[in-house]
Amino acid sequence: MADKILVTRSSMPDIEEYMDEIRSLWDTRWLTNMGPKHARLQAELRRYMGVENVELLTNGHMSLELTLQAMNLQGEVITTPFTFASTTHAIVRNRLEPVFCDINPVTFTIDTRQLESLITDRTCAILPVHVYGNVCDIEEIERIAHKYELKVIYDAAHTFGETYKGKGLGTFGDASCFSFHATKVFNTIEGGAVTYSDKRLGEKLYELKNFGIHGPEEVDAVGANAKMNEYCAAMGLCNLKHIDEEIIKRGRIAERYRTGLSGVDGIQLNAIQADVKCNYAYFPVVFEEKIFGASRAEVCDALAEQGIGARKYFYPLTNTFTAFHGKYDASQTPVALHVSKRVLTLPLYADLAIKEVDRICEIILNCRKG
Ligand SMILES: *Cc1c(COP(=O)(O)O)cnc(C)c1O
C-alpha cells in the first residue's frame, strides 16, 4: 500500500540550514522576548509582504484576539461563519458579539450585498476572512466601513504571499491578521503576524503581547503572553528563503487538479480571481450530489480508503458550534450552510507528486454512479 497522503505537509528547510540559523542561540542565550531573529524576521516580512508595519506574534489566533483588544472595541462585529474556530472565538473572547453575514457562493468570502443590512448602531467592526486565500471584495468593504465609520480587521490567515492589484494584502483595512502555523503556506512552526496602518495600534499590540508591560515599572493594560520566540523566528527566516519556489510548486499542483476536475458536472472549483497573485493555499471542491452522482461523504470515504486525507474544511460552521449553545442560527447564513455541507479540501503541498494528484482526481471521478 502506498504511503498515506495527508491534506497538508509542513514546509521545512534542510536541517543544516536550520541548524546554522539557530547555532548562535547557544552563544547569546537570547531565546525569546524580541531577540535579534525576531527583529530580522520582522524586517524581512515587511519587505516581502510589502507593508509598512508588521508585528510578530505567537500564533494567528492571538493576532486576531489582541488586535481586537488593542482597538478597544465594544458591541457587534460582523463576520462570517465559514471559517476556522479562531475567527469567531477571537470575537467572543473579547466579549464582543459576532453577527454572522452569509458568504458569496463563488468566492466563499463575506457577501457584501448582505453586509450593509446587518449594520446596527452597535456595530463597531467588520472581520471578513480571505478564506482559502480568496480575496474579499475589498473595495466594497472599505466603502461600507468608511460610510459607517467601522474598523476593518481582515482574517488573512490563508493569504501569505498574496497581492491584490499589485499591493500586499496586508496593506488593506485597519489591520490584517496572518497565521504562520505549521499547516499554512508559510510557517514559523507556530506563529502569526498583524499588519496595520496606524502606528499607535502597533505600539498597543507590542504591549499586549508582552503582558501589557509599558515600561520597567509600568503595566498599563491587561495583556497576554503572545511573543514569537527565537526558534520560531529562525524557522521563519529559513522558510522565507524558499517561499517563492514553494508557491510556484503549489501552483503547479493546483493547476493539475484543475485540469483533472474542471468541466465535470456537479463539481464546483475555487474561483480564479482577477487582480490577485494567488498563493494556492487550498484546493476546495464543492460536490453537488444530485448532479455529480456522489456525495461529499462518499468521495471523502473513497479517498480515505486509499490512504488519502481530504478535509471537510470548513465544516461545521462556527455559528453551529456546541460551544455557543444554540445562540446563533445557521439558517440565517444559508449559502455558508450549503457549502459547508458539500465542500472538501484536497491534499495540497509543495512536494505532492503530480502522479498522486492524477490518482486523487481519478478516485474522485470514479465515485460517480451510473
Ligand atoms: C489557521 C487559522 C487561524 C488561526 O491561526 P493559528 O496560527 O493556528 O492560531 C485563524 N483563522 C483562520 C481562517 C485560520 O485558518
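User: What's the class make-up of the largest pocket's lining, nonpolar, polar and charged?
Analyst: In this predicted model, the lining of the largest pocket has 14 nonpolar, 13 polar and five charged residues.

User: OK, and how many residues line that pocket in total, and which lie nearest its centre?
Analyst: The largest pocket is lined by 32 residues. Nearest its centre are Phe84, Thr183, Lys184, Tyr282 and Tyr313.

User: Which elements give two or more residues to the lining?
Analyst: Two helices and two strands do: helix 4 (60-70) and helix 5, plus strand 8 (175-179) and strand 15 (343-346).

User: What's the volume of the largest pocket?
Analyst: About 450 Å³.

User: Switching to closed spaces: how many cavities of 30 Å³ or more does the structure hold?
Analyst: Just one. The largest cavity has about 30 Å³ of space in it.

User: Which residues line the largest cavity?
Analyst: From the 157-160 part of the chain there are Ala157, His158, Thr159 and Phe160. Ser179, Lys184, Val185 and Phe186 are in the lining too, along with Asn279, Ala281 and Tyr282. Lys184 and Tyr282 are also among the residues that lie nearest the centre of the largest pocket.

User: And by class, what does the lining of the cavity have?
Analyst: Six nonpolar, four polar and one charged.

User: Back to helix 5 for a sec. Where is Asn94 placed relative to helix 5 and strand 3?
Analyst: Asn94 is in the loop between them, with helix 5 spanning 85-93 and strand 3 spanning 97-100.

User: Leaving aside neighbours within four places in sequence, what is Asn94 in contact with?
Analyst: Glu65, Leu68 and Gln69. With Glu65 there's a specific atom pair to look at: the side chain of Asn94 reaches the backbone oxygen of Glu65 at 3.0 Å. Those contact residues carry numbers that fall in helix 4 (60-70).

User: How far apart are the C-alpha atoms of Asn94 and Arg40?
Analyst: They're separated by 31 Å, and the two residues are 54 apart along the chain.

User: New topic, the three-stranded sheet. What's the strand order, and is the pairing parallel or antiparallel?
Analyst: It's an open sheet with the order 7-6-13, and the pairing is antiparallel. The edge strands are strand 7 (167-168) and strand 13 (276-277), each pairing on one side only.

User: How many bridges are there between strand 6 and strand 7?
Analyst: Two, with strand 6 covering residues 163-164.

User: Which residue in strand 7 is the bridge partner of Thr163?
Analyst: Gly168.

Methods:
Residues are numbered from 1 along each chain as its sequence is written. This is a predicted model: local features need pLDDT of at least 70, side-chain atom pairs count only at pLDDT 80 or more; totals for chains, interfaces and linings use all residues. Side-chain values use heavy atoms; hydrogens and water are left out. Two strands pair if DSSP finds at least two bridges between them. Helices (H or I, at least four residues) and strands (E, at least two) are DSSP runs, numbered from the N terminus. Contact means heavy atoms within 4.5 Å. A polar contact is a pair of N or O atoms within 3.5 Å; within protein, one must be able to donate a hydrogen and the other to accept it, and residues adjacent in sequence count only if both atoms are side-chain atoms. On a 1 Å grid over the protein atoms alone, a cavity is a set of points where a 1.4 Å probe fits but cannot get out, and a pocket is an open set with protein on both sides within 12 Å along at least five of seven lines; lining residues have an atom within 4 Å of a point. Grid points are joined across faces, edges and corners, and a volume is the space filled by probe spheres set on the points. Ala, Val, Leu, Ile, Met, Phe, Trp, Tyr, Cys and Pro count as nonpolar, Asp, Glu, Lys and Arg as charged, and the others, Gly among them, as polar.
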